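Please open the model in your viewer and keep the sequence beside it. The tour below moves from one selection to the next and says what is there at each stop.

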Amino acid sequence: MVDPGARLPVDAVAVRALGDWWGLAATAMDELVASTPAVSGATGAQLWPEHFDHACTVVVNGEVRVNVGASPGDSFQPAPYLYVGPWGPDRPGDPGYWNAPFGAVLRRGDVAGVPDALAFLRRGVELAAAG
C-alpha cells in the first residue's frame, strides 16, 4: 500500500529544465496555430501521460492531421526534442526533413529559442499541407 504522506523526491534543476522546455514548445505551438495559414484547427495542447510529452494535433487544410509537440526524451531519442508527426504514412516534400520513423525531430541542442522551434514546426506542417 502506498503511504499517502510519502513524498516523491525531485531534482529541482531537472524540473526547471523540463518546465522551460515545455514552455518554449507551448509558445511555439500557440504561435504555429495562430499564424500559419494552412492550419485550419487544432486540439488544445496537453501533457500526454503515456509519453510525458506536451503536444497537440493540428488540422491542415481542413483534413490532414499532424501531431506537433515536445518530448523530454525517450527510447527513440534520449535527449529532449521537438517533433512533427503526420497521422498518415506520407512524408511529402523534402525527404531530408523527415528524419524519424514517425515524422521529424529537432533535438533540444539545435533549438536556440522559440523562433527555431516555430520554424521547425511550421516547416513540417507546411510540408504536410503540400502533400
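Is R123 buried, partly exposed or exposed? Select R123 and show its surroundings: at 36% relative accessibility, R123 counts as partly exposed, because that value falls between the 20% limit for buried and the 50% limit for exposed. Keep in mind throughout that this is a predicted model.

**The whole chain**

Zoom out before going further, and colour the chain by pLDDT, which averages 94, with 99% of the residues scoring at least 70. Strand β2, residues 46-48, has the lowest confidence, at a mean of 91, while the highest confidence belongs to strand β6, residues 104-107, at 98. Where pLDDT is low, the predicted coordinates should not be read in detail.

Switch to a cartoon view, and two helices and six strands come into sight, arranged along the sequence in the pattern α-β-β-β-β-β-β-α. Taken along the principal axes, the C-alpha atoms fill a box of roughly 55 × 25 × 25 Å. Of the 131 residues in the chain, 38% are buried.

**The start of the chain and helix α1**

Select L8, V10 and V15, which form a nonpolar patch on the surface and together offer about 330 Å² of accessible area. V10 sits in the segment before α1, the helix that covers residues 12-35, and with a relative accessible area of 61% V10 is exposed.

Now select R16 and D20, which form a salt bridge in which the closest N and O atoms are 3.7 Å apart. Why are these two separated by about one helical turn? The reason is that D20 and R16 are four residues apart in helix α1. R16 counts as exposed at 58% relative accessibility, whereas D20, at 45%, counts as partly exposed.

**Beyond α1: T36**

Follow the chain into the loop between α1 and β1 (39-42), and select T36 there. Is T36 buried or exposed? With a relative accessible area of 4%, T36 is buried, because the value is under the 20% limit. Show side chains as well, and look for the polar contact between the side chain of T36 and the side chain of R122, at 3.1 Å.

**The paired strands**

Next, select strand β3 (residues 53-60) together with strand β4 (residues 64-71), which run antiparallel and are joined by seven bridges. To follow one of these pairings, pick T57, whose bridge partner in β4 is N67. The two strands form a hairpin with three residues between them, and in the turn N61 has a positive phi of about 55°.

Add β5 (81-86) to the selection, and the pairing continues, since β4 and β5 also pair in the antiparallel sense, over six bridges. Here V68 can serve as a marker, because its bridge partner in β5 is V84.

While strand β4 is still selected, pick out R65, which lies in it and which, at 37% relative accessibility, counts as partly exposed. How far apart are R65 and W87 in space, C-alpha to C-alpha? Although they are 22 residues apart in sequence, the distance between them is 5.7 Å.

**The loop between β5 and β6, and helix α2**

Move on to the loop between β5 and β6, where G96 lies; at 60% relative accessibility, G96 counts as exposed. Draw a distance from the C-alpha atom of G96 to that of L18, and the two, 78 residues apart along the chain, are separated by 28 Å.

Finish by selecting D94 and returning to R123, for these two form a salt bridge with the closest N and O atoms 3.0 Å apart. The pair links distant parts of the chain, with D94 in the loop between β5 and β6 and R123 in helix α2 (residues 114-130), 29 residues apart. D94 counts as partly exposed at 31% relative accessibility, and R123 counts as partly exposed at 36%. How many salt bridges does the count come to? The count comes to two.

Conventions:
Residues numbered from 1 in each chain as written. Predicted model: local features only at pLDDT ≥ 70, side-chain atom pairs only at ≥ 80, totals over all residues. Heavy atoms only, no water. Patch = residues over 30% accessible without salt bridge, like charges linked within 9 Å, V, L, I, M, F, W, Y side chains within 5 Å. Areas by Shrake-Rupley, 256 points an atom, 1.4 Å probe, with all protein chains shown as cover. Salt bridge = Lys/Arg side-chain N within 4 Å of Asp/Glu carboxyl O. Buried < 20%, exposed > 50% of the residue type's maximum accessible area, 1.4 Å probe, protein only. pLDDT = per-residue confidence, 0-100. Pairing = 2+ DSSP bridges. Polar contact = N/O pair within 3.5 Å; in protein donor to acceptor, adjacent residues only side chain to side chain.
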